[in-house]
Amino acid sequence: MEQGQTATMLHKPDDVPVKDVVRIASYHRRDFDLAVVRTNPSDHDQIRSSLLSPNHATTSTLGQLDILPTELAHEICLYLDIRSLFRFRQVNRRAQQIVSSIRLYRAVINHALEAFCIILRTNIAPWFTLSDLFKVLCTKYCQFCGDFGGFIFLPSFARCCFTCIREENLPRVLPLSVLKQRLKPRSGRLLGFIPTVRTLPGIYSMDETPRKRRTKVVLRDSVNTLYLSDYSENTRVKRSQSTSLLPYMVTTSLPYFDPKSGAVQRGISCSGCQVALEKDLYTSGVKPAACALRDKVYSHDDFRNHFQNCHEARKLWELSGQGTSIINVPEFVRRRGYFKKRDVMMSFHSQ
Ligand SMILES: [Zn+2]
Ligand SMILES: [Zn+2]
């Protein structure tokens, strides 16, 4: 069938249900999630239920704190930093009851448990509250470019997208050891006041570079220039492979949670754009914007708008019989992205 004939058969995009279009013509880029800080998701399923302990009757008390109404106890908890809140919860079953019944806490544990655990493990937890995390969880778009953002930049708890991580569009970060060298004498006490991320061993970036050592990382601009002895463009740290990996080592995936509808989105990419890219490869050569379009991540609503203008995505929809049958999709889509090391991909696909 000629391409023009196919186009005339396509249904009006406005008629199609978003949910079905998302199911047929989009996929989640798993390789992006695996390029940043991550833990094994199967570990979390086991602890989620214990972190959301039900309200069993308990004889435990919190001493004088028990005279406070529950609402006030919740309010106080929201002022605690995440590490203190976690420690308070471990005091006894009464404390578990109080923390587990906080609406924000339940939303975070239900929808952002991996990020929550990573925040604790990277030691950034003392610098931010549960309210801070909930606010980022309910933020849909990247703070730096305005596209859908499926990640959190840990040093400042900012919503960000993978493009901004990859293209170094995030605020610059440095190893703490580098910042120490630049501080003026007797300014060392400042270090205790700087939010610091302690990186985790793992495999980072799209090149899948392993990093075994843990490094303390801070925002380059976290110290006022008055306290730096040699702050100038000329003395800034030269970019190297290790510093170019840092943005990946201080970000982790974080879904978007809509508190009104309760819906959760992790971001989707267009299967049709991958089909178009592969067709270009075999015919005229890849167009400059094709890779960027293939790598673009959308919210569900934004994807619907894209779908209206993406010929290949609409063709997939037609091939599926308007969502009624399974279709063949490119290998890249089936794998949910690009993986250099097959064993890494397989270990996560089997989870
Ligand atoms: Zn961005
Ligand atoms: Zn597309």
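**Exercise 1.** Find which residue of β9 is the bridge partner of Phe-151, then work out the sheet around the pair.

*Solution.* Start with the bridge: Phe-151 is matched with Ser-253 in β9. (Strands are DSSP E runs of at least two residues, and helices are H or I runs of at least four, numbered from the N terminus.) Next, zoom out to the strands: β2 (residues 151-153) and β9 pair antiparallel over three bridges, and pairing takes at least two DSSP bridges between two strands. Now add β3, and you get an open, antiparallel three-stranded sheet ordered β3-β2-β9. Its edges are β3 (158-160) and β9 (251-253), each pairing on one side only.

A quick note on the model: it's predicted, so local features need pLDDT of at least 70 and side-chain atom pairs pLDDT 80 or more, while totals for chains, interfaces and linings use all residues. Residues count from 1 along each chain as written, chains are lettered from A and ligands numbered from 1 in written order, and side-chain values use heavy atoms, without hydrogens or water.

**Exercise 2.** Decide whether Leu-281 is buried or exposed.

*Solution.* First, place it: Leu-281 sits in helix α14 (residues 271-282). Then check the cut-offs: buried is under 20% relative accessible area, exposed over 50%, partly exposed in between (1.4 Å probe, protein chains only). Leu-281 has 56% relative accessibility, so it's exposed.

**Exercise 3.** Do the same for Cys-117 and Cys-270, then count the disulfides.

*Solution.* Cys-117 comes out at 12% relative accessible area, so it's buried. Cys-270 is buried too, at 0%. Finally, searching the whole structure for disulfides turns up zero, taking a disulfide as two cysteine sulfur atoms within 2.5 Å.
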